[in-house]
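Q: Could you take me on a close look at the sheet in this protein, and how the rest of the chain is arranged around that part? I work at the bench, so a plain walk-through would be great.

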Amino acid sequence: QKPSQQRAPLLRMSEAVAALELEYPDVEVSLPGPWRTILEDVQRMDQDRLETAGMHRAILDSLDRFTPSPSFPYEIQFTRNAVAGRYRVEFLDEKNGLCLEVDTLNRVVPPHMKVRHLKLQTATNQKFKYYYPAVINYWNWRRIRDPEDQELTIKRMLKELMTEREQAEG
């Protein structure tokens, strides 16, 4: 049977398949090739659609301005719409394993399960590296009008992720 072209059910199905594969690694999820392809395509298209949002541009502008300093001694380089293990994430710093997801109003599937699964990937399946994900909440972001305050908010979030990473690595 030909795969559906409806975005919302496909995104939910993609999330369900990822949950099964990560939380129950001994269970084989058997999907025909065209279905796997359409699930990957719908994730990519959903991320592409989100990239046009002004909030994404503001976040990317903040990330692009980051340079190592005494208060933020980390070198980061984020890529938009990148693959992190089983998922496609909105912002990824592959070198440091940092992932940022934006929880917007028009998300079909909230990013909280994705964040949980990004943390779970290494524990259940060693072929993925460990990621340190965080979610930027739409309403919290909207309250912060000043670009400098937005940058400070993201720096604080990234600093927490880097501290978590350093503690995990000992």
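A: Happy to help; here is the sheet, followed by its surroundings. Please keep in mind that this is a predicted model.

The sheet is an open one, with four strands in the order β1-β2-β3-β4 and mixed pairing. At its edges you will find β1 (79-84) and β4 (132-137), each of which pairs on one side only. From one strand to the next, the twist averages 45°. As background, strands of a sheet pair through backbone hydrogen bonds, in either a parallel or an antiparallel sense.

Now look at β2 (residues 87-93) and β3 (residues 98-103): these two strands pair in the antiparallel sense, over three bridges. To find your place there, look for Leu-92, which stands opposite Cys-99 in β3. Lying across β1, β2, β3 and β4 is helix α3 (residues 54-65), which runs at about 40° to β2.

Stepping back, the protein has six helices and four strands, and along the sequence they follow the pattern α-α-α-β-β-β-α-β-α-α. Of its 170 residues, 46% count as buried. Among contacts with a separation of 6 or more, 66% come from residues 24 or more positions apart.

Finally, a spot on the surface: Leu-20, Tyr-24 and Val-27 form a nonpolar patch there, together offering about 280 Å² of accessible area. Leu-20 belongs to helix α1 (residues 7-23), and this residue counts as partly exposed because its relative accessibility is 37%. For the protein as a whole, the accessible surface comes to about 9400 Å², with 51% of that belonging to carbon and sulfur atoms.

Notes. Residues are numbered from 1 along each chain as its sequence is written. This is a predicted model: local features need pLDDT of at least 70, side-chain atom pairs count only at pLDDT 80 or more; totals for chains, interfaces and linings use all residues. Side-chain values use heavy atoms; hydrogens and water are left out. Two strands pair if DSSP finds at least two bridges between them. Axes are lines fitted to C-alpha atoms, for helices over the stretch in contact, and angles run from 0 to 180 degrees between N-to-C directions. Contact means heavy atoms within 4.5 Å. Patches are made of residues with over 30% relative accessible area and no salt bridge: like charges are joined within 9 Å, nonpolar side chains (Val, Leu, Ile, Met, Phe, Trp, Tyr) within 5 Å. Accessible areas come from the Shrake-Rupley method with a 1.4 Å probe; for residues, only the protein chains shown count as cover. A salt bridge is a side-chain nitrogen of Lys or Arg within 4 Å of a carboxyl oxygen of Asp or Glu. Buried means under 20% relative accessible area, exposed over 50%, partly exposed in between (1.4 Å probe, protein chains only).
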